Amino acid sequence: MPTYKAPVSDTVFLLNDVFEYARYANAPGFSEAPIDVVEAVLTEGAKFVEEVVQPLNRVGDLEGCTRHEDGSVTTPKGFKEAYKALVEGGWVGLAGDPKYRGQGLPHFLAALFSEYEISSNLAFAMYPGLTNGAVAAMMAHASDALKDRYLPKMTTGEWTGTMNLTEPHCGTDLGLIKTKAVPQPDGSYAITGQKIFISAGEHDLADNIIHLVLARIEGAPAGVKGISLFVVPKFLPDAEGKPGERNGVVCGSLEHKMGIHGNATAVLNYDGAKGWLVGEEHRGLPAMFVMMNGARLGVAIQGLAISEVAYQNAAAYAKERRQGRSLKGPAEPDKPADLLLVHPDVRRMLLEIRAFNEAARALLVSVALAQEEALASPDPKVRQAADDRLGLMTPVIKGVFTDTGFANAVKAQQVFGGHGYIAEWGMEQFVRDARIAMIYEGANGVQALDLVGRKLPKDGGRAIMGFFGEVGQFLAASKEEAALAPYLAGVQTALGHLQQATMWLSKNGLADPNNAGAASTDYMHLFGLTALGYMWARIVKAVLARQAKGESNPTLDAKLTLARFFGERMLPETGAHLARLSAGAATLMALPAEVF
Ligand SMILES: Cc1cc2nc3c(=O)[nH]c(=O)nc-3n(C[C@H](O)[C@H](O)[C@H](O)COP(=O)(O)OP(=O)(O)OC[C@H]3O[C@@H](n4cnc5c(N)ncnc54)[C@H](O)[C@@H]3O)c2cc1C
């Protein structure tokens, strides 16, 4: 059975030492959470998920969710009790608005806590994750009346939320949505249609489920400009706000799927269900994007979180399992064989995962802090810069963290050999669970297109120029630090590759859009590696500063080796990405359809 220990001290190190959390001390959004509060919340949250949520990961996978004849759904044994404890502990509403019974702590803290929750049990963590996304969309776009009716229960997690975009014929291309909304005399709409693949779409964890549904008002223009957003509760709240009459939405079936068995992936049939418009008519997609952007960050965290828990278990196994002898002769001659850990190739797998995880966590912290500033800073310039960074980084971390998270789950499984393939050790579950993160919330190919097609050119390239400026300035300012210099060369090269790739795209992508499409996935990974290399440089700077004060411990000191490993063996991939993307689209597009 896999185990998990939340990396609280690493998160706190990143906040304190790398991102100098003290700088934010009195800033709006942060002032409620000085670092000792942050650390205490993360420590308590870690304890909760390790003790209550993680033990349900395996049972959730084995048992899955069950749909009954009446359309109701039962979650795996123990989920209901654990979810109740999660709600009662205030964990769902950690960053919720106190006006709606939230805890009022910063959003970045909830994001950092969610890494631990997801590592413990991805399928379980999706229930509160989707609820928080629905709350964010309603906070931004719903009328006060709708907020008052739904948010006090959704913020705490007593009622859960869902996002309903996908239909049988329409996944990536939301312009094809058919679900229709007919205006009613009382100001509500009758919603009719079928939504598929709806995560947490039906379950027994909460008294009510509040669906956010994209639908087309009768007579609306075709395409994405004719889509509106509706809130559709499973039970219509009565005059006292309690779940009342059953609404016309039922779970027609549950999907049988590769992983995340503990999360109910539902087909939802809407048959004249009562819904209320959120935001303006035909402006549903921008409103839903609040939820989708939050969910993209949440899914990025899923990639890191699975990678972390898979690493922890693979490292523990490599320190116990004995096979073969060290290439340099027996390391422990008195034992029948040496530990797996003596073999360079086993170490390669472990270090590739760990060198990703620690830098990815740093990048997550930087993005989460940017999100907080984008929401709360009173300074419009700070808000704009943070918003630029958040927008630019969202597709990068969604795509890179989840592609790498899955690859890392496979690597961790490989460390177990055949024992990773059988179910007993739990490693194959991580592989199966991690796979979905590359697909939902916009498949990774679509994230890459969003990056090159929308985020790069937006506002004349302001966000990407801001990133180049920041990394360039860091490198220039750090050059003179002799101890740091050896860690910077690789980042400088990677930055150069990214700049060349960006120039190549601006020239060749405009000339032929297929060039942009063909380059997009390589560009996204080139960007991700560069950003992770930059994170390692910043981590090294912080480690050296601590060491200069006489501090030293194995975990701290190991970061220098991990940074070197990343620079020597992972960052050079940027060159291959640049070479590939510069080849353009010609060969990709050359073959006629009949030869496929
Ligand atoms: C377990 C699970 C849970 C889910 N949860 C939810 C949920 O809660 N709510 C919800 O609404 N949906 C949910 N989904 C749906 C999910 O978001 C979609 O499956 C996903 O967006 C892809 O859509 P699709 O499956 O129709 O694939 P398609 O859109 O048919 O795409 C197929 C492939 O083609 C590529 N592609 C498509 N269009 C383009 C393009 N224009 N350019 C380049 N490449 C393209 C895609 O990248 C993908 O690789 C879930 C799906 C699953 C499997």
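Contact here means heavy atoms within 4.5 Å. Keep that cut-off in mind for the neighbour lists on this tour. The model is predicted.

**Stop 1: Leu285**

Select Leu285. Leu285 is in helix α8. Leu285 is buried, at 12% relative accessible area. Which residues does Leu285 touch, leaving aside those up to four places away in sequence? Show Leu174, Leu214, Val224 and Ile227. For a sense of scale, add Pro55 and draw a distance between the C-alpha atoms. Leu285 and Pro55 are 230 residues apart along the chain, and their C-alpha atoms are separated by 38 Å.

**Stop 2: Thr160**

Move to strand β3 and pick Thr160. Thr160 is buried, with a relative accessible area of 1%. Now display His203. The side chains of Thr160 and His203 make a polar contact at 2.9 Å. Next, expand the selection to the residues that Thr160 touches, again without those up to four places away in sequence. They are Tyr83, Thr131, His203, Ala206, Asn208, Ile209 and Ile210.

**Stop 3: the ligand**

Centre on the ligand. Around the ligand there are 19 residues. Which of them come nearest? Select Leu165, Thr166, Thr172, Phe197 and Ser199.

Now go through the polar pairs. Start with Met163: a polar backbone atom of this residue is 2.8 Å from a ligand nitrogen. Turn to Thr172, where a side-chain N or O atom is 2.5 Å from an oxygen atom of the ligand. Finish with Ser199. Here a side-chain N or O atom is 2.8 Å from a nitrogen atom of the ligand.

Switch to a surface view. On its own, the ligand has 970 Å² of accessible area, and the protein covers 61% of that. Then colour by element. Two or more residues of the shell come from each of β3 (159–164), β5 (189–199) and α13 (444–455). Which element gives the most? Strand β5 does, with three residues. Colouring by residue class splits the shell into 11 nonpolar, six polar and two charged residues.

**Stop 4: Arg361 and Glu308**

Next come the salt bridges. How many does the structure hold? The count is 32. Begin with Arg361 and Glu308. Their side chains form a salt bridge, 2.9 Å from N to O. Arg361 sits in helix α9 (residues 344–376) and Glu308 in helix α8 (residues 284–318), so the pair ties together parts 53 residues apart in sequence. Are these two residues buried or exposed? Both Arg361 and Glu308 are buried.

Now widen the selection. Arg361 and Glu308 belong to a network of salt bridges that also links Asp10, Glu115, Arg354, Glu358 and Lys559.

**Stop 5: Glu470 and Arg389**

Select Glu470 and Arg389. They form a salt bridge, with the closest N and O atoms 2.9 Å apart. Glu470 is in helix α14 (residues 458–478) and Arg389 in helix α10 (residues 380–415), so this pair links distant parts of the chain, 81 residues apart. Check the cover on each partner. Glu470 is partly exposed, at 27% relative accessible area. Arg389, at 18% relative accessibility, counts as buried, because buried means under 20%.

**Stop 6: Arg580 and Asp522**

Go on to Arg580. Its salt-bridge partner is Asp522, and the closest N and O atoms are 2.9 Å apart. Arg580 lies in helix α18 (residues 573–582) and Asp522 in helix α16 (residues 513–548). The pair links distant parts of the chain, 58 residues apart. Arg580 is partly exposed, with a relative accessible area of 46%. Asp522 is buried, at 13%.

**Stop 7: helix α12**

End at helix α12 (residues 427–435). How many of its nine residues are buried? The helix is mostly covered: eight are buried. Select Met427, Glu428, Gln429, Phe430, Val431, Arg432, Asp433 and Ala434 to see them. Then show what surrounds these buried residues. They pack against α3 (57–63), α6 (122–141), α8, α10 and α11 (418–421). Two of these helices have already appeared on the tour: α8 carries Glu308, and α10 carries Arg389.

Note on methods
Residues numbered from 1 in each chain as written. Predicted model: local features only at pLDDT ≥ 70, side-chain atom pairs only at ≥ 80, totals over all residues. Heavy atoms only, no water. Near = heavy atom within 4 Å. Polar contact = N/O pair within 3.5 Å; in protein donor to acceptor, adjacent residues only side chain to side chain. Areas by Shrake-Rupley, 256 points an atom, 1.4 Å probe, with all protein chains shown as cover. Helix = DSSP H or I, 4+ residues; strand = E, 2+ residues; numbered from the N terminus. Nonpolar A, V, L, I, M, F, W, Y, C, P; charged D, E, K, R; others polar. Salt bridge = Lys/Arg side-chain N within 4 Å of Asp/Glu carboxyl O. Buried < 20%, exposed > 50% of the residue type's maximum accessible area, 1.4 Å probe, protein only.
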